[in-house]
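Q: Please take a close look at one helix of this model and at the nonpolar core around it. I would like the cut-offs stated along the way.

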Amino acid sequence: MQTIKVAIIGCGYVGKAIARHWQQDGKYQITATTTTQARMSELEQLAQQVVIAKGDDEATLLSAIQDRDIVILSIAPKFFAADSYESTYLQTAKNLIQVLPQTAVKQIIYTGSYSVYGNKNGAWVDEESPLTPANQNGQVLAETEEVLLCAASDKLKVCILRLGGIYGEGRELTKIFSRAFGTTRPGNGQTYTNWIHLDDIVGAIAFAAERQLEGIYNLVGDEPPLSRDLLQNLCDRYNLPQVLWNPELSETRLYNARVSNRKLKTAGYSFIHPEVLI
């Protein structure tokens, strides 16, 4: 059995989950990265090699990916400020592309975000839809995609997975919306939300690696629920205080779109949780 060497750049909630998944598959040899010494021992339980690497340091990035076949780029900013997004996403992507010619990497799989579509007023979007980022952070994510896609060649496949809102074990929807229950929210709740369970993020990354996918794929569930319906279902299911709505207060939704996952399903991926798991 041929060993596949993988580097996971960014071993947070998603990165650790894919490392754990591949740890059980004997054909994957994993290098995990972290930016701090403090997380070394934790990641050593999930990977054969752990490297301290920072996105703004080409030398440490190169050391992490030099002999790897696949790079999983699954990074997240510590803050939501635009400069944090730029240094985390865009600068890391630029530095990664800069050192790639010195490596054996054949595929990059990047976990991006459906937020690049912006506000489409509830219309359906797919991978061919124009990007209209609603803020500077969304613009940075769109530019990051472009940097990575421009590096694609006959020798390098680049796969962009545009993730919905992430939920799963330890990040349940009741925790995500814990401050909403028993409150009055602005608007009428008639805006769409797109979610993806951690199980399907892991499943889709593994699928993309196995099939050597390239290009852009939306990674979201089948039918985006309305904000109002999602919160009502959570309240009913867990007997939580009701969420009220005030149409007189304007609702600011930057990402009101229904995102289609048809392309990924057509490629052969079968969702574990196609509907939002309440």
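A: What follows describes helix α7 and then the core to which it contributes. This is a predicted model, in which local features need pLDDT of at least 70 and side-chain atom pairs count only at pLDDT 80 or more, while totals for chains, interfaces and linings use all residues. Residues are numbered from 1 along each chain as its sequence is written, and side-chain values use heavy atoms, with hydrogens and water left out.

Helices here are DSSP runs of H or I with at least four residues, and strands are runs of E with at least two, numbered from the N terminus. The expected span of a helix is 1.5 Å times one less than its number of residues; for the 14 residues of α7 this gives 20 Å, in agreement with the 20 Å between its end C-alpha atoms. Eleven of these 14 residues are buried, where buried means under 20% relative accessible area, exposed over 50% and partly exposed in between, with a 1.4 Å probe and protein chains only. Among the buried ones are Leu 198, Asp 200, Ile 201 and Phe 207. Just after α7, Gln 212 takes a positive phi of about 55°.

A nonpolar core is a set of buried Ala, Val, Leu, Ile, Met, Phe, Trp, Tyr and Cys residues joined through side-chain atoms within 4.5 Å. The largest has 38 residues, and Trp 22, Leu 219 and Leu 264 have the most contacts inside it. Elements giving two or more residues to this core include α7 (198-211) and β11 (215-219), and α7 gives the most, with nine residues. Leu 219 touches, among others, Asp 200, Ile 201, Ala 204 and Leu 264, contact meaning heavy atoms within 4.5 Å.

Definitions and conventions
Lists of a residue's contacts leave out its neighbours within four places in sequence.
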